[in-house]
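This report is meant for a reader who is meeting the structure for the first time. It goes from the chain as a whole to one pair of helices, and then to the charged side chains.

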Amino acid sequence: MSSQPSNNVLVQQLQLLLTGYGYNFYNRTNQARADDLLVRERASYFLAQAVSALAQLRNDYHTRFIPPLTRANPDPPQEAMTQLRTIEAAQQALAKVESGIRGMAVPSQDRIWWRFRQEQALLMQLLNFDLALVRDSEQIYQYVSRMTPEDWSQQSGALQQMTRQLAHTVTERERFLLLPL
């Protein structure tokens, strides 16, 4: 848009909406802030899909390895029940990380803090953290979506390791925001 005043009422109202009320949609800082939100949404989307895939895997595992209970065999196999609990624990761990990503803090947007830090640089560093979140989340989703009930017991350790790595990235991002800049 031109920096010259316009006589058109619609153009004046648009300029007032975009800049006059204190928020400029085209400002790089505001774009970085919006990108941060979009990237975190994508990471939580992948994790929600992974949680859903684990729920399906749990059902498939139950169908495949736990036979119907009878009078002769009233108790399910303990090893299979342990594996089901492990799948559920992995599902809950991913759901916890996913909700943590959705509720992550963002830097406040007031002018007092702008004096003490470089907002653009801070948001770009946050975007780097969030890019790692998306990559790790997508990797977890791809890994879980390829799992079958037969290979769960051999592959559950790798999933736990990937979940710990993702949780560590989340913790590091939160710690980064707590540090004075």
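In what order do the elements of the protein chain run from the N terminus on? The order is α-α-α-α-α-α, and this description, like everything that follows, rests on a predicted model.

## The chain as a whole

The secondary structure of the protein chain consists of six helices, with zero strands. Of the 181 residues in the protein chain, 31% are buried, while the area that the chain exposes comes to about 11700 Å², with carbon and sulfur atoms supplying 54% of that area.

Contacts in the protein chain can also be sorted by how far apart the partners lie in sequence. Among the contacts with a separation of 6 or more, 74% are accounted for by residues 24 or more positions apart.

## Helices α3 and α6

Helix α3, which covers residues 78-102, has an axis that comes within 11 Å of the axis of α6, and the two axes cross at roughly 20°. Because angles under 35 degrees count as roughly parallel, α3 and α6 are described as roughly parallel to each other. The crossing in which α3 passes α6 is left-handed.

Several residues take part in the meeting of these two helices. On the α3 side they include Gln83, Thr86, Ile87, Ala90, Ala93, Leu94, Val97 and Ile101, and on the α6 side they include Trp152, Ser153, Leu159, Gln160, Thr163, Leu166, Ala167 and Val170.

## A closer look at Thr163

Thr163, which has its place in helix α6, is one of the residues that meet α3. Is Thr163 buried or exposed? Its relative accessibility is 11%, and Thr163 therefore counts as buried, given that the cut-off for a buried residue is under 20% relative accessible area.

If its neighbours within four places in sequence are left aside, Thr163 is in contact with Ala93, Leu94, Val97 and Ile140. Of these partners, Ala93, Leu94 and Val97 are among the α3 residues that meet α6.

## A salt bridge between α5 and α6

How many salt bridges does a search of the whole structure find? The search finds six, one of which joins the side chains of Asp130 and Arg173, with a distance of 2.8 Å from N to O. This pair links distant parts of the chain, since Asp130 lies in helix α5 (residues 119-146) and Arg173 lies in helix α6 (residues 152-178), with their positions 43 residues apart in the numbering.

Both partners of this salt bridge are covered by the protein chain: Asp130 counts as buried at 0% relative accessibility, and Arg173 is likewise buried, with a relative accessible area of 0%.

## Further salt bridges in this region

The side chain of Arg173 also meets that of Glu174 in a salt bridge, at 3.8 Å from N to O, and Asp130, Arg173 and Glu174 are thereby linked in a network of salt bridges. Whereas Asp130 is buried, Glu174 counts as partly exposed, at 26% relative accessibility.

Another salt bridge is formed by Arg175 and Glu172, whose closest N and O atoms are 3.3 Å apart. Because Arg175 and Glu172 are three residues apart in helix α6, about one helical turn separates them. Arg175 is partly exposed, with a relative accessible area of 42%, and Glu172 is partly exposed as well, with a relative accessible area of 26%.

Note on methods:
Residues are numbered from 1 along each chain as its sequence is written. This is a predicted model: local features need pLDDT of at least 70, side-chain atom pairs count only at pLDDT 80 or more; totals for chains, interfaces and linings use all residues. Side-chain values use heavy atoms; hydrogens and water are left out. A salt bridge is a side-chain nitrogen of Lys or Arg within 4 Å of a carboxyl oxygen of Asp or Glu. Helices (H or I, at least four residues) and strands (E, at least two) are DSSP runs, numbered from the N terminus. Buried means under 20% relative accessible area, exposed over 50%, partly exposed in between (1.4 Å probe, protein chains only). Contact means heavy atoms within 4.5 Å. Accessible areas come from the Shrake-Rupley method with a 1.4 Å probe; for residues, only the protein chains shown count as cover. Axes are lines fitted to C-alpha atoms, for helices over the stretch in contact, and angles run from 0 to 180 degrees between N-to-C directions. Angles under 35 degrees count as roughly parallel, over 145 as roughly antiparallel, 65 to 115 as roughly perpendicular and the rest as oblique. A crossing is left-handed if the near helix is turned anticlockwise from the far one by less than a right angle, and right-handed if clockwise.
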